[in-house]
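Here's a quick briefing to read alongside the model. Have the sequence and the 3D view open while you go through it.

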Amino acid sequence: KLGSAMVSALADATFQKLTRTFLGMKQNGFSDVIKGTVENFSAASRAEAVRSDIVIDTAMHTLNQSARFAGALNTTKWSAYAADRSITFSGLPAYTEAQKRAFAMEWFGHLGDHANKSFQQLPAEIKGAFRRQNFTAADWEAARKATLYQPNPESAPFLRPAEIEAVAGRDVALKYSAMMYGERRFAIIEPDLRARAMLTQGIQRGTWAGEMLRGATQFKSFPVTIMLLHGGRFLDEIAMHGMASRNVARYAFQMLVIGTMVGAVVVQLKDIIAGRDPRTMNPMENPAFWGQALLQSGGLGIWGDFIQNSSNRYGGGAVTTLFGPTAGTIGQTLDLTIGNMKAAAGGQNANIGNELTSFVKSLTPGASTWYARKAIDAYLFDNLQKLLTPNEYGALRRRIMDKRAKEYSSQ
């Protein structure tokens with residue numbers, strides 16, 4: 001289901017830029033965000049991350065995945081392993097980790113640039129971060145005595161937890177690391193426990209109610225996390241500075257305007273990957289495009305499909321989208337079995353070949369992987385459909401092309 005999530009994740013650059021601006025970090029538009037992320041795919045950057053103690057969440061992720069892997073092998077839950085590999089091959093985990101390392105190293109470098117300043121001399125943005133994460137003035141005065149780390153003589157200095165621990169003790173170093181993690185979760189959005197708790201309402205897993213609720217809220221924790229983190233921070237700024245403040249205006253501008261611009265790029269990339277021509281971005285000719293871009297920027301891209309169509313990109317309606325992918329799979333199963341039996345009993349043409357192809361495609365691991373999707377469709381599922389419905393295949397392709405022409409006739 002999430003084989004193309006890597007493309008959607010490109011919109012996360014908005015939250016990196018938003019957080020860096022909020023913290024007063026040096027930046028040149030999106031170039032620093034992109035450059036830092038790309039550089040952190042290298043083995044050298046991973047070594048720097050380890051040296052800087054940016055390993056806690058990666059270690060927890062590894063332990064969690066190891067447990068899932070053991071479960072997949074020991075309890076015959078092969079589907080969990082297949083799903084995990086599908087996400088890994090899409091590139092999403094590597095991209096997310098690269099973003100995390102980039103932000104963390106730049107934050108340590110940003111504080112390294114201010115290590116010669118007392119707490120009172122620090123910019124208001126840094127003092128605000130200290131206050132939010134309970135890193136006191138005394139903690140900073142102890143931490144800034146640490147020797148700054150420079151990978152080479154020409155590089156910028158970093159104020160790292162390892163050197164802080166050597167001069168200020170483990171407690172200060174841990175608080176310093178926790179401060180970075182606390183701010184980084186705003187820059188690189190990942191569904192958190194608070195969002196999951198809000199969606200599941202504490203209903204026990206394994207019960208009918210618990211499983212139905214988890215099925216309905218599957219893949220919806222990302223936009224909820226955005227709302228809780230950045231929506232909450234925006235409201236905090238209004239409470240502290242008022243609606244007319246510069247901070248509030250800048251935050252709203254970056255969230256809505258810049259986020260929508262980045263979302264527009266992602267929407268166009270998704271069209272290209274799906275084999276469609278890029279759409280016009282003229283708001284007078286195609287205002288629906290910008291509605292889709294806005295929703296995409298907030299992790300609600302699938303709902304943007306309904307602005308121009310009656311179904312989403314997977315063929316499901318608004319109801320099945322609301323109740324989650326599990327409801328969609330149940331609906332497909334009913335159409336494939338009971339629906340076709342009713343059609344045959346009523347003397348209508350059964351559509352079993354087309355529906356069986358769609359059903360198999362929706363449950364095949366890796367079939368939605370963004371860089372392989374068109375090739376898999378052309379060489380596997382199109383041929384399967386042609387085999388199962390030789391007489392209807394041509395008519396189906398014509399209907400698809402007619403639908404696409406109608407959708408984009410104004411563009």
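Leu294 sits in helix α16, and in this predicted model its relative accessible area is 40%. That makes Leu294 partly exposed, because a residue has to be under 20% to be buried and over 50% to be exposed. Leu294 also belongs to a nonpolar patch on the surface, so that's a handy place to start looking around.

**The nonpolar patch**
- Leu294 shares the patch with Phe253, Leu256, Val257 and Met261.
- Together, these five residues have about 460 Å² of accessible area.
- Which helix gives the most to the patch? That's α15, with four residues.

**The loop between α15 and α16**
- Helix α15 covers residues 246-273 and α16 covers 287-297, and Gly275 is found in the loop between them.
- Gly275 comes out at 48% relative accessibility, so it counts as partly exposed.
- How far apart are Gly275 and Lys374 in sequence and in space? They're 99 residues apart along the chain, yet 7.3 Å apart in space, going C-alpha to C-alpha.

**The whole chain**
- If you're scanning for secondary structure, the protein chain has 22 helices and zero strands.
- The protein chain runs to 411 residues, and 40% of them count as buried.
- Take the contacts between residues at least 6 apart in sequence: 64% of those join residues at least 24 apart.
- The accessible surface adds up to about 21900 Å² for the protein chain, with 63% of that belonging to carbon and sulfur atoms.

Methods. Residues are numbered from 1 along each chain as its sequence is written. This is a predicted model: local features need pLDDT of at least 70, side-chain atom pairs count only at pLDDT 80 or more; totals for chains, interfaces and linings use all residues. Side-chain values use heavy atoms; hydrogens and water are left out. Helices (H or I, at least four residues) and strands (E, at least two) are DSSP runs, numbered from the N terminus. Buried means under 20% relative accessible area, exposed over 50%, partly exposed in between (1.4 Å probe, protein chains only). Contact means heavy atoms within 4.5 Å. Accessible areas come from the Shrake-Rupley method with a 1.4 Å probe; for residues, only the protein chains shown count as cover. Patches are made of residues with over 30% relative accessible area and no salt bridge: like charges are joined within 9 Å, nonpolar side chains (Val, Leu, Ile, Met, Phe, Trp, Tyr) within 5 Å. A salt bridge is a side-chain nitrogen of Lys or Arg within 4 Å of a carboxyl oxygen of Asp or Glu.
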